[in-house]
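Morning, everyone. Let me put the model on the screen, and then I'll walk you through it.

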Amino acid sequence: MTLDINKIRKDFPILEEQVHGKPLVYFDNAATTQKPRQVIDEMVKYYYKYNSNIHRGVHYLSNKSTDGNENARKIVQEFINAKHLHEVIFTRGTTEAVNLVANSFAERFIQEGDEVIVSEMEHHSNIVPWQMVCDRKKAILKVLPFDDNGELMLEKLEGLITAKTKILAVNHISNSLGTINPIREIIKIAHAKNVRVLIDAAQSVQHKKIDVQDLDPDFLVFSGHKIYGPTGIGVLYGKEDLLNEMPPWQGGGEMIKEVHFEGTTFNELPFKFEAGTPNYIAAIGLGEAIKYVEALGLENINAYEQELLAYATEKLSSIEGLRIFGTAKQKTSVISFLVEGIHFYDMGMLLDQMGIAVRTGTHCTETVMQHFNIDGTVRASFAFYNTKEEIDALYKGILKVCKMFVH
Amino acid sequence: MTINEIQEQIIEEFAGFEDWMDKYAYLIELGTDLTGMDTKYHTDSNLIKGCQSKVWFNASLEDGIVKLEADSDAIIVKGIAALLLRVFNNQTPEDIMNSNLKFIDEIGLKQHLSPTRSNGLVAMVKQIKMYGLAYHHVSKQ
């Protein structure tokens, strides 16, 4: 099925906006995606008609909100094909999900001298929580490097793993390079040596179908706002046995069974890890977003985005002095680049004047920038509502900026 | 010229630009023309590190007059720094202390000086004011 892009664009009200008097070209989708009317309307509907704090309420509204939240959990479960509903934990986002695992997993499984492996191309969210835990536990953080194309050096992985290695945390898709990492192989290698694996899927669930029972990660985390849902909601998937063994991370309401000053007993999964009033309206929005994406079909989305990537790569590569960072064979629709002699901030500012939204800087991946010995890049990232005409506008915009710098 | 007179002059200059292209082309020109600082002064103590761009900034007091130098790795930022130097360089500490920075807003470059922009310019403006205050106290003693 080919996607009807003009029809799809009408679902996203923001795409009709003008910026600096020009039609908005939104190429910052790897930072956050725009929201379709269906998601916005559903959330508005809940605030208008059904809002009430969820769980343990006896009244009608509380039941409606609870049903909405738990229905969203069911949608997520089916979306990633988790075996159990209670393996889906709602968090504030990917960052909180990684922090939850880093803290709770470490509390139970990481001792002094143990090792944690991350890759060189992780987002800070998948480095810093592990660094903090390693500092606290006197454990060692090891790094799986990538090559100059932006591909992980998989041949080095086995050598990195020792009997002390407890967990490997790696992204499925790099947010700054666009590389699609071979996570199936990575998980196999790690599991063969009894190492647990956390997959950061923040940049992948919106592009590729993920089946956690088939791929077999121990944990998988992602954010709602990068898959056309609202901010403030994310997902931690974890295997039941592991989650049961792990202690609660945050304390508060909802996560308890009984509270006495002599001691407290904890609730069961998933609530054990959901302290405090959860962002149930956002969870409901996320459910709608997943329904929207599934109706279009992730395969169709991916096929079209690959078309945009190929088109943009060819166009941008033809610009003199433009270098693309991240040239892996398997990539998603992200292009990080620099034009010789033009600072990324200048490029981003001038493109913004033309109504083109790109992201500039390190993209929260300073170790990736250090690899290439640069301070940052300009990043254009495409979603299924983008068009080739918009890529033409970016191409012409970059040429215009280049011209301004010639004088 | 006083700080305010220079600010008025800049506002007048920018009023002549018809579109954003002219305005930014001028900033690029200013940035390119600013001598900046010898790279040996690109030291950590002079560096204001934003996550988008770097600004190097240095101030000194000579005969009761504040001398300022600035540099940046991004040309537009350097162009705006050049405008800030035009306004504040060679002024007295008291005049800097009592000044009211208004030209940035009026020529439509406010977005570059929003606190979240992290290009180093906000910190540079703050430091200019701080130096004004500090040198005022130094010269009083």
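In what order do the elements of chain B run from the N terminus on? They go α-α-β-β-β-α-α-α-α. That order is read from a predicted model, as is everything else I'll say today. Counted up, chain B has six helices and three strands.

Now the overall build. The radius of gyration of chain B is 15 Å. The globule rule gives 14 Å for 141 residues, which is close, so chain B is as compact as a globular protein of that length. Look at the extents next. The C-alpha trace of chain B spans about 50 × 35 × 25 Å along its principal axes.

What about the inside? Of the 141 residues in chain B, 33% count as buried. And the contacts? Take those in chain B with a separation of 6 or more. Residues 24 or more positions apart account for 66% of them.

On to the contact between the chains. How many residues does each chain put in? Chain B supplies 13 residues, and chain A supplies twelve. On the chain B side, the elements giving two or more residues are α2 (20–33) and α3 (75–88) of chain B. Which of them gives the most? That is α2(B), with four residues.

Last point: the make-up of that surface. The side of chain B that touches chain A has nine nonpolar residues. Three more are polar, and one is charged.

To recap for chain B: six helices and three strands, with 13 residues in the contact with chain A. Thanks. I'll take questions.

Terms used: Residues are numbered from 1 along each chain as its sequence is written. Chains are lettered from A and ligands numbered from 1 in the order in which they are written. This is a predicted model: local features need pLDDT of at least 70, side-chain atom pairs count only at pLDDT 80 or more; totals for chains, interfaces and linings use all residues. Two residues are in contact if their C-beta atoms, placed from the backbone, lie within 7 Å. Ala, Val, Leu, Ile, Met, Phe, Trp, Tyr, Cys and Pro count as nonpolar, Asp, Glu, Lys and Arg as charged, and the others, Gly among them, as polar. The radius of gyration is taken over C-alpha atoms; the globule rule is 2.2 Å times the number of residues to the power 0.38. A residue is buried if 20 or more other C-beta atoms lie within 10 Å of its own, exposed if 12 or fewer, and partly exposed in between; C-beta atoms are placed from the backbone.
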